[in-house]
Each structure stands twice: as C-alpha cells, then as structure tokens.
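Work through the following exercises with the model open beside you, and try each task before reading its solution.

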Amino acid sequence: MLIEIVSDVREFLSKVNPNYTLHYEIDAKIGGSIGEIAVIRFILYGIADDRIVVCEITRTASWEDEEVERYGKSAMENLRLWIEENAEQLECIASKLNATRGRYEWK
C-alpha cells in the first residue's frame, strides 16, 4: 500500500476520505548534546481511496529562544513548559478535526 506524506493540514484534509476516522499521535522530547533542544511532532493519519495519507508537523525550540525563556523558570523547566503548551495547541487541532489517538499503518 502506498503511503503519502504531506506537511500541510489543508493539503492532508483535501486528500483523505472523510468517511474514515482520522487518527493522530504527538511525540515530544528534549534532546541535544546537553538537553538544549525540544522537539514536538504532530502526526495525522488518514485514508484516501488508494493510500494512507500522513501529515507530519514538527516544531523545535532551543532554551535560548524568546518563546521558551518567557516562562521565567530554569532552562529545562522552560523547555518542558514549551512542550506542554505546544502539545495542548496540537491537541486542539486534533479535536477540531475529530481525530482520535492512534494511527493507520500497513504491514
């Protein structure tokens, strides 16, 4: 089975069959050589008539970014709070799309 990967939610929605349920995953971690980078991935899964369509959106931040420093805590705590805030925003997107946690995969 063909898997098509896109990086835009509008394009994703234009390709999937609305008669099938959308699924999503959110994956977040703090990494880098000394834990200075946060990465959050939002992945939407849908089915088109002849393929699985995946939309992957990745956001990254460093502990030196203004949007991270604005929390006013320690560097690691700021990154953790940034991840929480972004995860909530992405959960809202998933909710508006009536997506449920999970994924489609072909084996």
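**Exercise 1.** Identify the bridge partner of Tyr24 in β5, and then establish in which sense β2 pairs with β5 and with β3.

*Solution.* Start at Tyr24, whose bridge partner in β5 is Arg101. In this predicted model, β5 covers residues 100–101, and its pairing with β2 is parallel, over 2 bridges. Turn next to β3 (residues 37–47), which pairs with β2 in the antiparallel sense over 9 bridges. Within that pairing, His23 stands opposite Tyr45 in β3. Finally, follow the chain from β2 to β3: the two strands form a hairpin with 5 residues between them, and Gly32 in the turn has a positive phi of about 95°.

**Exercise 2.** Decide whether Asn86 is buried or exposed, and find the residue whose side chain makes a polar contact with the Asn86 side chain.

*Solution.* First place Asn86 in helix α3, which spans residues 75–96. Its relative accessible area is 5%, and because buried means under 20%, Asn86 is classed as buried. Next, leave aside the neighbours within four places in sequence, after which Asn86 is in contact with Ile40 and Arg59. Of these, Arg59 makes a polar contact, side chain to side chain, with Asn86 at 2.6 Å.

**Exercise 3.** Classify Pro18 as buried or exposed, and state how far apart Pro18 and Asn86 are in sequence and in space.

*Solution.* Pro18 lies in the loop between α1 (9–15) and β2 (23–31). Its relative accessible area is 76%, and since exposed means over 50%, Pro18 counts as exposed. Pro18 and Asn86 are separated by 68 residues in sequence and, C-alpha to C-alpha, by 26 Å in space.

Technical notes. Residues numbered from 1 in each chain as written. Predicted model: local features only at pLDDT ≥ 70, side-chain atom pairs only at ≥ 80, totals over all residues. Heavy atoms only, no water. Helix = DSSP H or I, 4+ residues; strand = E, 2+ residues; numbered from the N terminus. Buried < 20%, exposed > 50% of the residue type's maximum accessible area, 1.4 Å probe, protein only. Polar contact = N/O pair within 3.5 Å; in protein donor to acceptor, adjacent residues only side chain to side chain. Contact = heavy atoms within 4.5 Å. Pairing = 2+ DSSP bridges.
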